[in-house]
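Student: I have a sequence and a structure on my screen. Can you show me how to read them?

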Amino acid sequence: MSKFCIHCGSPLVPEARFCGQCGRPVQETPAAPQPVAPPPPAAAPAEPILGIISLQRRKGLAGVETFNMVVTPQRLVMLPVTNKEMQGAVKAARDQARAEGKDFFGQIGAQLGWLNVLYRQYQETPLNLLLAQKPGSLVLYPQEIRSIQLRGTGGLRFLPDEESGQERPEMTIVTTAGKQKWELVNMSDREARNILRQVLGELVR
């Protein structure tokens with residue numbers, strides 16, 4: 001409450017409802033407006049994705065296993081890609097091309113982008129949820145990795161060895177538990193090396 005009457009300026013008795021001099025009602029001093037706190041900054045992803053590398057390895061005499069390695073600052077998460085998932089991604093890529101008005105050949109070409117469909121899903125779904133949904137996933141932490149060696153053909157992309165006459169780029173991962181050998185599916189050894197060195201530095205050669 002104000003200490004003085006706003007009408008005549010006379011001192012006011014504490015808790016008085018009327019001025020003792022002019023008899024007019026005492027008005028409360030309006031409270032100072034409280035500052036509005038700025039909205040909190042948007043939280044950064046807890047585990048940002050630095051890159052995704054598609055890999056495959058031989059299984060049995062004629063079989064092939066396909067995995068997508070999701071590279072984060074904390075770990076390497078290798079998610080298996082099933083035939084059903086691959087077919088669904090191919091269809092989604094083709095449907096998107098059709099919605100964009102591409103002709104038949106454009107839709108067929110767009111199917112090669114099926115990996116990008118999966119990549120978008122990985123960006124939108126927490127990794128721990130993906131791990132729970134995908135039995136057979138592999139997780140490697142930096143402290144487990146002794147070295148990763150890459151060798152290949154530099155710019156080779158998407159071309160299988162039976163069509164190009166060249167081998168795919170290869171990745172050899174040496175861990176405390178043993179050695180794994182993989183082939184790169186969607187990028188050169190140089191591109192994969194640049195992604196992995198963000199986490200593992202000179203352990204990647």
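The dialogue below goes from confidence to the sheet, then to the cores and salt bridges.

Student: What should I check before anything else?

Tutor: Check the confidence. This is a predicted model. The mean pLDDT of the chain is 79, and 78% of its residues reach 70 or more.

Student: Over which residues does pLDDT stay under 50?

Tutor: Over residues 154–165. The model has 22 contacts beyond four places in sequence for that stretch.

Student: Now the sheet. In what order do its seven strands lie?

Tutor: Read across the sheet, not along the chain. The order is 4-3-2-1-7-6-5, in an open sheet with antiparallel pairing. Strand 4 and strand 5 stand at the edges. Each has a single partner strand, so one side of each lacks a neighbour in the sheet. On average, neighbouring strands are turned by 30° against each other, direction ignored.

Student: Which helix packs on the sheet?

Tutor: Helix 6, residues 189–200. Helix 6 touches strand 1, strand 2, strand 3, strand 5, strand 6 and strand 7. The direction of helix 6 makes about 160° with that of strand 5.

Student: How do I read the pairing of strand 3 with strand 2?

Tutor: Look at direction, then count bridges. Strand 2, residues 63–71, runs antiparallel to strand 3, and five bridges join them. A hairpin of four residues links the two strands. For one pair, take valine 71: its bridge partner in strand 3 is leucine 76.

Student: And how many bridges pair strand 3 with strand 4?

Tutor: Three, again in the antiparallel sense. Here methionine 78 has leucine 138 as its bridge partner in strand 4.

Student: Is strand 3 largely enclosed or open?

Tutor: Ask how many of its residues are buried, that is, under 20% relative accessible area. In strand 3, residues 76–80, five of the five are buried, so the rest of the structure largely encloses this strand. Check both faces too. Leu76, Met78 and Pro80 are buried on one side, and Val77 and Leu79 on the other.

Student: Let me try a single residue. Where is glutamine 56 found?

Tutor: In strand 1, residues 51–59. Its relative accessible area is 12%, so glutamine 56 counts as buried. Glutamine 56 stands opposite glutamate 183 in strand 7. Strand 1 and strand 7 pair over two bridges, in the antiparallel sense.

Student: Which residue lies 125 places from glutamine 56 along the chain, with 9.0 Å between the C-alpha atoms?

Tutor: Lysine 181. Sequence distance and distance in space are separate readings. The contacts of glutamine 56 beyond four places in sequence include Val64, Arg168 and Trp182.

Student: Is serine 147 buried or exposed?

Tutor: Buried, at a relative accessible area of 6%. Serine 147 sits in strand 5, residues 145–151. Its contacts beyond four places in sequence are Thr172, Ile173, Val174, Leu203 and Arg205.

Student: Why look for nonpolar cores?

Tutor: Because nonpolar side chains tend to be buried together in soluble globular proteins. The largest core here has 22 residues. Ile53, Met69, Leu76, Ile148, Met171 and Leu196 touch the most other members. Strand 1, strand 2, strand 3, strand 5, strand 6, strand 7 and helix 6 each supply at least two residues of this core. Helix 6 gives the largest share, five residues. Another core lies apart from it, with 16 residues, among them Ile52, Val77, Leu118 and Tyr122.

Student: What about charged residues?

Tutor: Side chains of opposite charge can pair when their charged atoms come close. The whole structure has six salt bridges. One of them joins arginine 75 to glutamate 47, with the closest N and O atoms 2.7 Å apart. Arginine 75 lies in the loop between strand 2 and strand 3, and glutamate 47 in the segment before strand 1, so the pair ties together parts 28 residues apart in sequence. Arginine 75 counts as buried, at 7% relative accessibility. Glutamate 47, at 21%, counts as partly exposed.

Student: How far apart in sequence are aspartate 189 and arginine 193 in helix 6?

Tutor: Four residues, so about one helical turn separates them. They form a salt bridge, with the closest N and O atoms 3.6 Å apart. Both residues are buried. Elsewhere, salt bridges that share partners join Arg57, Lys59 and Glu65 into one network.

Definitions and conventions
Residues numbered from 1 in each chain as written. Predicted model: local features only at pLDDT ≥ 70, side-chain atom pairs only at ≥ 80, totals over all residues. Heavy atoms only, no water. Buried < 20%, exposed > 50% of the residue type's maximum accessible area, 1.4 Å probe, protein only. Contact = heavy atoms within 4.5 Å. pLDDT = per-residue confidence, 0-100. Pairing = 2+ DSSP bridges. Axes fitted to C-alpha atoms, helices over the stretch in contact; angles between N-to-C directions. Core = buried A, V, L, I, M, F, W, Y, C linked by side-chain atoms within 4.5 Å. Salt bridge = Lys/Arg side-chain N within 4 Å of Asp/Glu carboxyl O.
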